[in-house]
Amino acid sequence: MLGPTATERAARARTDLRLGLPIAVGPLVLAAAETLRGERLEALRALGPLTIALTGRRAATLKARAYDGDIARVRVPEGADMTWLRALADPAFDLRVPMKGPLTTLRAGDPTPWRTGIALAKAAQVLPAVIGVEAEAPEGLTRLPATLPYAEVPPTEVAAARLPMLAGAGRLHVFREGRGGEEHYAVEIGAVDRAEPVLVRLHSACFTGDVLGSLKCDCGPQLHGALDAMGAASGVLLYLNQEGRGIGLANKMRAYDLQDQGFDTVEANHRLGFEDDERDFRLGAALLRRMGITRIRLMTNNPRKIAMMEGQGIEVVERVPLHVGRRAENAAYLDVKRTKSGHLE
Ligand SMILES: Nc1nc2c(ncn2[C@@H]2O[C@H](COP(=O)(O)OP(=O)(O)OP(=O)(O)O)[C@@H](O)[C@H]2O)c(=O)[nH]1
Ligand SMILES: [Zn+2]
């Protein structure tokens, strides 16, 4: 078959949402609140009465009832413009436009396609809010079933080369997710013996910490601490492009702005409509399996990373704590990881 499969159409839909293009999901035509422009909003409105779907997290911030639990469908009043809709989706407006209500949330009808829309908006790393209408989809829109087709497409290695580093001699492998997704990296350092448990660090991208040396988190010192440990022995650094715990750098900067207003790292994510952690760590296990590694010594303080590895058939014979880079600027952030996110001492 030459045309796109359902999973490929889902990947295409992600791009459409980033572009500000509507997509068809089951009986709905919907678009991302962040990227939809005024003239397209009017074209959507011409199809019927509009609804905006938010996550339960965002609804809680707005004090709107979320009858569907994880999402809330809010009726869009006639005449509501993009400013009104953006204010619902984006907490940057919470202080400027404090009163958006009264909001009417829907109880009747099937939330499934809306849930799919929110999942796609998250995958597109835009604000998790979608505006839509129940209508026959106009020609040319990407069409998806109401339930997101999910088929595990394991990442494949696309290239690898020798890389001499300050920490030691390495080999960088580039993997690409199925469905044209992100690329992730595995750096093999020193002579890795697969017959023995391999020292592994599962690291998520942090442009601010890893590259800029930001003092708001511990990512940079953790990255370099792991590289140094592997240079002294050997090991594998998995570098996953899951910036901001999977919400992307733009949303992470939105979260930082909220943190400057006094919210902690978890509260900021929730106000934006995200869970505290949107990462899918199964990817790390998939990369290890591809590299023929099944027993590891995992450098982490995050019990979710250990549980995921074990659940995916990678034996964690030892957890190697990684406490580095604590300082006045990130102390509160690290404390919240311990008290709210369950990070280990
Ligand atoms: N959303 C959000 N993401 C953040 C914030 N600070 C750091 N991050 C991201 O958090 C992630 C930290 O990744 P890791 O160091 O791998 O993970 P961890 O869960 O802290 O676990 P360990 O370091 O292994 O103990 C990176 O993707 C950062 O970009 C924040 O305030 N908000
Ligand atoms: Zn960081």
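In this predicted model, the shell of residues around ligand 1 comprises seven nonpolar, 11 polar and five charged residues. The shell holds 23 residues, of which S204, C206, T300, N301 and N302 are the closest to the ligand. Two or more residues of this shell come from each of strand 10 (198-204), helix 7 (219-232), helix 8 (243-246), helix 9 (248-260) and helix 10 (265-272). The greatest contribution is that of helix 8, which supplies three residues to the shell around ligand 1.

Strand 10 also belongs to an open sheet of seven strands, which is arranged in the order 7-8-9-11-10-12-13 and shows mixed pairing. The edges of this sheet are formed by strand 7 (156-165) and strand 13 (315-320), and because each of these has a single partner strand, one side of each is left without a neighbour in the sheet. From one strand to the next, the twist averages 25 degrees. Within the sheet, strand 10 pairs with strand 12 (residues 295-299) in the parallel sense, over four bridges, and R201 has M299 of strand 12 as its bridge partner.

Helix 7, which was named above as a contributor to the shell around ligand 1, packs on the sheet, where it touches strand 8 (168-176), strand 9 (183-189), strand 10, strand 11 (235-240) and strand 12, and its direction makes about 160 degrees with that of strand 10. Helix 11 (residues 282-290) lies across strand 7, strand 8, strand 9, strand 10, strand 11 and strand 12, and runs at about 135 degrees to strand 11.

Definitions and conventions. Residues numbered from 1 in each chain as written. Chains lettered and ligands numbered in written order. Predicted model: local features only at pLDDT ≥ 70, side-chain atom pairs only at ≥ 80, totals over all residues. Near = placed C-beta within 6 Å. Nonpolar A, V, L, I, M, F, W, Y, C, P; charged D, E, K, R; others polar. Pairing = 2+ DSSP bridges. Axes fitted to C-alpha atoms, helices over the stretch in contact; angles between N-to-C directions. Contact = placed C-beta atoms within 7 Å.
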